[in-house]
Amino acid sequence: MKYISTRGQSPALTFSEILLGGLAPDGGLYLPEQYPQFSDADLNAMRGMNYRDLAFAILSRLVDNSDIPHVDLKAIIDKTYRAEVYQYARAGQNAADITPTLKLEDNLYLLSLSNGPTLAFKDMAMQLLGNLFEYVLSKTGQTTNILGATSGDTGSAAEYAMRGKQGVRVFMLSPYQKMSRFQTAQMFSLQDDNIFNIAVKGVFDDAQDMVKAVSNDHAFKAEYKIGAVNSINWGRIAAQIVYYFKGYLAVTSSNSQKVSFTVPSGNFGNICAGHIARMMGLPIDQLVVATNENDVLDEFFNTGVYAPRSSANTYHTSSPSMDISKASNFERFIYDLVGQDGSKVRELWSAVDAGGKFDLNAQGYFAKVAGFGFVSGHSNHAHRMQTIRATKASYGVTIDTHTADGLKVALEQRKADVPMLVLETALPAKFEEAIVEALGEVPERPASLAGLEDLPQTSSVMDVSVDAIKAFIRANT
Ligand SMILES: *Cc1c(COP(=O)(O)O)cnc(C)c1O
């Protein structure tokens, strides 16, 4: 299996060749040359599989044996998806399922993706990436310095995945004193000597701009082998495909049944994996995109116009991990929507990259969206608070604000006879303040994380300065 760019002007490469990189050289995103197809017989064989075997059945179709020998791929998967790592399953769930479901009522389920070390779904992909990076780097004798900016979830997932990994250092910028106490403690309490937490005296966008400036300095980037693990990384998307299969198989008994998924969305990475699962033959009815007040995706799926906002026009909401103005993975779906036409994608993104927008009504592309199963909706703060309260009252289950956004939209879109799975993208303990506001009580926290905020913390405080971060990287490599 080779990977090509959505903009059609980059050479085809293998999985391990694109693993450590970000954008393709032509500015596009990597996708497989063609999607592997899973037949009825394949799906039947998958019904008895545990998470690890299922992950191998899918990922071994995306990674050639000549690229990463499949015995090694299997070992990496087995090391990643263990019950001890995904230990924060709810009472009544089996941690060994890795992504267990939780039934709320007939045909309505949560798909729990947040039982890993940082209590958010990003662990599902990032943990695999950590082990894949270490493997690929050790094989080629390379090292990498991962540089990123985070407002919370991505940074902690990356650090917990990369801590202690040979050949990898992580330099993670976060806005000084702007993350929740829990998120800060999660990251800053890590004492591994390959993890560097840098608190930037500014807002998230300042930190992000510093990362961009370093990445645009090609000489520095090459000399210090600067890498990224952002949401456009193909390895992350690939890992996320697996749990759509797992969720489907958990709530059906025959492949003639269809299910729908609702996905709290920001950068369109999670739901893009659902789209690809569908393209591979998984019987999905609807893929429901749920956004918060930052509704650029909801607007597209309702109007056919994709109009990214500026970061100054991004709202800070109570579902902060979905506060995006531009959905970086959206290009992958649009590539399929326009018939895998790289030149069309180039034309559309030449407008987007210049700060503009595009309208897909004209050439009849927008009319095809329904055929891909997509519908959408959005929530505001009051909706999320109300959904958290109602879910607690009706089912005795506490959900976080991101999942609440999903459930609110799922209830609007679901069909009576089609099982709906709402992806649980974080556990409520991660967003304590919002839960206290909704329910007047502190959410339950896993016992092993009690006192997290009291552990010793290590971080370096830095001004908003590109020279300062470069000097810091020089001094620590
Ligand atoms: C990252 C994140 C999202 C958004 O996921 P995308 O893949 O960017 O669409 C939603 N919820 C939580 C809790 C997250 O951390």
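Start in the interior of this predicted model. Its largest nonpolar core has 111 residues. Six of them touch the most other members: Trp-234, Phe-245, Phe-268, Phe-300, Phe-330 and Ile-334. Helix H10, residues 234-251, gives this core its largest share, twelve residues.

Now pick out Phe-245. Set aside its neighbours within four places in sequence. Phe-245 is then in contact with Phe-38, Leu-43, Met-46, Leu-54 and Ile-58, and also with Ala-277, Met-280 and Leu-282. There is a second, separate core as well. This one has 19 residues, including Ile-388, Ile-399, Val-422 and Ala-438.

Step back to the whole chain. It has 18 helices and 15 strands. Along the principal axes, the C-alpha atoms fill a box of roughly 60 × 55 × 45 Å. How does the radius of gyration of the chain fit that of a compact globule? A compact globule of 477 residues would have a value near 23 Å. The chain has 21 Å, which agrees. Of the 477 residues, 58% count as buried. Contacts also reach across the sequence. Take those with a separation of 6 or more: 74% of them join residues 24 or more positions apart.

Next, look for empty space. The structure holds one cavity of 30 Å³ or more. The largest cavity has a volume of about 40 Å³. Which residues line the largest cavity? They are Phe-15, Leu-59, Val-63, Leu-73, Ile-77, Leu-128 and Leu-132. Helix H4 (70-80) and helix H5 (122-140) are the elements that give two or more residues to this lining. By class, the lining has seven nonpolar residues, no polar ones and no charged ones.

Compare a pocket. The second largest pocket has a volume of about 430 Å³. Its lining has 18 residues. Arg-90, Ala-91, Thr-398, Pro-428 and Glu-444 lie nearest the centre of this pocket. The lining divides into eleven nonpolar, two polar and five charged residues. So the lining of the pocket includes charged residues, while the lining of the largest cavity has none.

Turn now to the loops. Most residues other than glycine have a negative phi. Two residues here go the other way. Lys-225 has a phi near 50°, a positive value, and it is not a glycine. Lys-225 sits in the loop between helix H9 (218-223) and strand S8 (226-227). Is Lys-225 buried or partly exposed? Lys-225 is partly exposed, because its relative accessible area is 42%, and that lies between the cut-offs of 20% and 50%.

Gln-340 is the other case. Its phi is positive too, about 55°, although Gln-340 is not a glycine. Gln-340 lies in the loop between helix H13 (330-337) and helix H14 (342-353). With a relative accessible area of 39%, Gln-340 is partly exposed.

End with Lys-368. Where is Lys-368 placed? It is in the loop between strand S12 (358-359) and strand S13 (374-378). The relative accessible area of Lys-368 is 44%, so Lys-368 also counts as partly exposed. Finally, follow the path from Lys-368 to Ile-98. The two residues are 270 residues apart along the chain. In space, their C-alpha atoms are separated by 35 Å.

How values were computed
Residues numbered from 1 in each chain as written. Predicted model: local features only at pLDDT ≥ 70, side-chain atom pairs only at ≥ 80, totals over all residues. Heavy atoms only, no water. Core = buried A, V, L, I, M, F, W, Y, C linked by side-chain atoms within 4.5 Å. Buried < 20%, exposed > 50% of the residue type's maximum accessible area, 1.4 Å probe, protein only. Helix = DSSP H or I, 4+ residues; strand = E, 2+ residues; numbered from the N terminus. Contact = heavy atoms within 4.5 Å. 1 Å grid on protein atoms, 1.4 Å probe; cavity = no way out; pocket = protein on both sides within 12 Å on 5 of 7 lines; lining within 4 Å. Points joined across faces, edges and corners; volume = space filled by probe spheres on them. Nonpolar A, V, L, I, M, F, W, Y, C, P; charged D, E, K, R; others polar. Rg over C-alpha atoms; globule rule 2.2 N^0.38 Å.
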